[in-house]
Amino acid sequence: MTALAARRTPRARYASDLALAAFAPASWGTTYVVTTTLLPADRPLLAATLRALPAGLVLLAVTRRLPRGDWWWKSIVLGMLNFGAFFPLIFFAAYRLPGGVAATIGSVQPLVVALLSLGILRVRPARAVLLSALAGTGGVALLTLTADARLDPLGIAAMLTATSLMAVAIVLAKKWGRPESPLVMTGWQLTVGGLALLPLTLLTEGVPSSVTGENVLGFTYLGIVGTAIAYALWFRGIDRLAPTSVSLLGLTNPMVATMAGLLILGQTLTFWQVIGFTIALGALVAGQTFNRTPAPPAPVAPIPQPAGRA
């Protein structure tokens, strides 16, 4: 019995890591509904800034930890990739593209991560995992695309760039490891991204003349649930799981977005959308099954000590 329990423990731990990491893209699946129903219209930079900076400052105040040594520039790089550049591009795409088009473009991220992992981490993803990623993209396309979906070139370019930036951030985070807990590093990166966005937002969009209660509710939800909590769990997942496992969890984003549309916006599903949902779900499960052997955690980076200190 003891040996059996010992064999089950790593699997149970792996399943728990997957479930916690999946909370992040699942919560991001509600971003489109929140953006279109609760946030001020046509203010992508304001939405990005208020999503990142307050959450980052709160986490810094709670954790009271600052980067040391080369983690200053690494935090700046990751903060710009994950937030400073990614957030405004995502909101820009959300304002210019139907959710289905954005979701389909975002679903190619596992393939980008697999390619970068091969070049940077020297990790060759299993062929079955790559096939699962391709099937997932096809399933998301069936689930979210409609015949009258408009293809705005600038929106497509923004979404492709955002997807690539997050893929680079996933691989670099795996390569560099972590000097602190995921919660601490989330605070660093959110603050960096928010501070970079603040002057640009003030110069281009300015401060809104009025803020409604719905706006406050939307910003609060995105800041706490969709950012502070979600990204702490996301970075924890990057630390504990293989890069392709983490990126495949992104398939939960369009599936949750679809369910949110059904429950909140009163949308309906066609036969082919049901097929697409089934394919995407099957690809997600299959991809995690093929990646079921947990990857070793990312190395914990040593914290430089002052000279003369043991």
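**View 1. Threonine 227 sits in helix α11, which spans residues 213-240.** Welcome to the first close-up of this predicted model. With a relative accessibility of 0%, below the 20% cut-off, threonine 227 counts as buried. Its side chain makes a polar contact of 2.7 Å with the side chain of arginine 51. A polar atom of the threonine 227 side chain also lies 2.6 Å from the backbone oxygen of leucine 222. Setting aside residues up to four places away in sequence, the residues that threonine 227 touches are Arg51, Ala55, Phe87, Leu190, Leu222 and Ala232. Arg51 and Leu222 thus appear both in this contact list and among the polar partners, Arg51 through its side chain and Leu222 through its backbone oxygen.

**View 2. Valine 140 belongs to helix α8, residues 127-144.** Here is another residue to look for on the inside: valine 140 counts as buried because its relative accessibility is 0%. Follow the chain onward and you will meet glutamine 273, which is 133 residues away from valine 140 along the chain. In space, the C-alpha atoms of valine 140 and glutamine 273 are separated by 8.6 Å.

**View 3. A nonpolar patch on the surface is formed by Leu142, Phe271, Trp272 and Ile279.** Together, these four residues offer about 420 Å² of accessible area. Helix α14, running from residue 271 to 290, supplies the largest share of the patch, with 3 residues. One of the patch members, tryptophan 272, lies in helix α14. Tryptophan 272 is exposed, as its relative accessible area is 53%, over the 50% cut-off.

**View 4. Helix α7, residues 109-121, has buried residues at Gln109, Pro110, Val113, Ala114, Ser117 and Leu121.** Looking down the axis of α7, these buried residues fall within an arc of 140°, so they line one face of the helix. The spacing is a friendly reminder of a general rule: an α-helix has 3.6 residues a turn, so residues three or four places apart point the same way. Just after α7 comes arginine 122, with a positive phi of about 60°.

**View 5. Alanine 167 is found in helix α9, residues 153-176.** Alanine 167 is buried, with a relative accessible area of 0%. Leaving out neighbours within four places in sequence, alanine 167 is in contact with Gln109, Val112, Val113 and Leu116. Of these, Gln109 and Val113 are also listed among the buried residues of α7. Serine 117, another buried residue of α7, is 50 residues from alanine 167 along the chain, and their C-alpha atoms are separated by 9.5 Å.

Conventions: Residues are numbered from 1 along each chain as its sequence is written. This is a predicted model: local features need pLDDT of at least 70, side-chain atom pairs count only at pLDDT 80 or more; totals for chains, interfaces and linings use all residues. Side-chain values use heavy atoms; hydrogens and water are left out. Helices (H or I, at least four residues) and strands (E, at least two) are DSSP runs, numbered from the N terminus. Buried means under 20% relative accessible area, exposed over 50%, partly exposed in between (1.4 Å probe, protein chains only). A polar contact is a pair of N or O atoms within 3.5 Å; within protein, one must be able to donate a hydrogen and the other to accept it, and residues adjacent in sequence count only if both atoms are side-chain atoms. Contact means heavy atoms within 4.5 Å. Patches are made of residues with over 30% relative accessible area and no salt bridge: like charges are joined within 9 Å, nonpolar side chains (Val, Leu, Ile, Met, Phe, Trp, Tyr) within 5 Å. Accessible areas come from the Shrake-Rupley method with a 1.4 Å probe; for residues, only the protein chains shown count as cover. A salt bridge is a side-chain nitrogen of Lys or Arg within 4 Å of a carboxyl oxygen of Asp or Glu. The arc is that of the directions from the helix axis to the C-beta atoms.
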